[in-house]
Amino acid sequence: MREQLELLIQLQDIDNQLLELRQERGNLPETVERLRAEIEETTQILDTRREEQLGAGKERRRIENEVELAKVSLKKYQDQLFKVTTNREYDAISSEIETARTTVQSGETRIIELLGREEELTGQITQLETHLDKIKGDFEVRDAELQEKIAETSDLETGLTIHRGKIVEQLARPIYAHYERIHIAKEDGMGVARVYTGACGGCFAAIPPQKLMEIAAMEDFILCETCGRILVDAESLEVR
Ligand SMILES: [Zn+2]
């Protein structure tokens, strides 16, 4: 049991160093991730707007052509109207004129709508482009900072992680599982607490004298009744 407790003390020490490394990086990893997601989202919206703008322009030019053709026909039919000799011819040409007029009118209305939409989209696209440039700039700065921090600490982190793995292999499963549960649940990451002037070093709850003796002997796996941390003797903690 002493050996297991000593391994736990080493494990806690490694986890403290790993926690310190992560704290040095602060919220940079989250900031970089958030910016990356925002760039992706903005790019998608921008693509959609650009596609819609292309479509609107295409439709507008097609209708402009139709309107031009209809105007030419209208002129042609209006000239013919003066030269007709029968009622049947007159009715037929009048009907053609009506159709051409409708095409011109509805076409012109649609052209105005499309021009409005295109203008609106141009404004949105400009805004999105400016925003995208800004967040891309932010991303580059933050990501470079993060990469630098990672480069500075990655050898140390790798070394600690390998060492941690070796310790975990030697720990009994239930002991490691208990440590890990407390380690993850507690904000300070302390699964192991040293006893300090008769109290748990994690939650400061007093420990009965009988238990203090058992802890000092390091022959048993003893938990703090208040916080669940694994209790070890303060002096043993320094011995490594
Ligand atoms: Zn405690």
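The following dialogue discusses a zinc site, a helix pair and several single residues in a predicted model.

Biologist: Which residues are the protein donors of the zinc ion?

Modeller: The donors are the SG atoms of Cys200, Cys203, Cys224 and Cys227, at 2.2 to 2.3 Å from the zinc ion. Along the chain they follow the spacing C-x2-C-x20-C-x2-C.

Biologist: What is the arrangement of the four donor atoms around the zinc ion?

Modeller: Four donors count as tetrahedral if all angles lie between 85 and 135 degrees. Here the angles subtended by the donor atoms are 103 to 114°, so the arrangement is tetrahedral.

Biologist: Which parts of the chain does the pair of cysteine 200 and cysteine 224 tie together?

Modeller: Cysteine 200 belongs to strand 2 (residues 199-200), whereas cysteine 224 lies in the loop between helix 5 (209-217) and strand 3 (230-233); the pair therefore ties together parts that are 24 residues apart in sequence. Both cysteine 200 and cysteine 224 are buried.

Biologist: How should one read the crossing of helix 3 and helix 4?

Modeller: Angles under 35 degrees count as roughly parallel, over 145 as roughly antiparallel, 65 to 115 as roughly perpendicular and the rest as oblique. The axes of helix 3 (residues 87-170) and helix 4 (residues 173-185) come within 8 Å and cross at roughly 130°. The two helices are therefore oblique to each other.

Biologist: Which residues meet where helix 3 contacts helix 4?

Modeller: From helix 3, Arg164, Val168 and Glu169 meet Arg173, Tyr176, Tyr179, Glu180 and His183 of helix 4. By class, this contact has three nonpolar, one polar and four charged residues.

Biologist: Is histidine 178, in helix 4, buried or exposed?

Modeller: Buried means under 20% relative accessible area. Histidine 178 has 12% and is therefore buried. Leaving aside residues up to four places away in sequence, histidine 178 touches Phe221, Leu223, Gly228 and Ile230.

Biologist: What is the sign of phi in phenylalanine 204 and methionine 218?

Modeller: Most residues other than glycine have a negative phi. In this model, phenylalanine 204 has a positive phi near 65°, and methionine 218 has a positive phi near 55°.

Biologist: Where do phenylalanine 204 and methionine 218 lie, and is each of them buried or exposed?

Modeller: Phenylalanine 204 is in the loop between strand 2 and helix 5, and its relative accessible area of 66% makes it exposed. Methionine 218 is in the loop between helix 5 and strand 3; with a relative accessible area of 1%, methionine 218 is buried.

How values were computed
Residues numbered from 1 in each chain as written. Predicted model: local features only at pLDDT ≥ 70, side-chain atom pairs only at ≥ 80, totals over all residues. Heavy atoms only, no water. Donors = N, O, S within 2.8 Å, 3.2 Å for Na, K, Ca; no water. Tetrahedral: all angles 85-135°; square planar, octahedral: opposite > 155°, others 65-115°. Helix = DSSP H or I, 4+ residues; strand = E, 2+ residues; numbered from the N terminus. Buried < 20%, exposed > 50% of the residue type's maximum accessible area, 1.4 Å probe, protein only. Axes fitted to C-alpha atoms, helices over the stretch in contact; angles between N-to-C directions. Contact = heavy atoms within 4.5 Å. Nonpolar A, V, L, I, M, F, W, Y, C, P; charged D, E, K, R; others polar.
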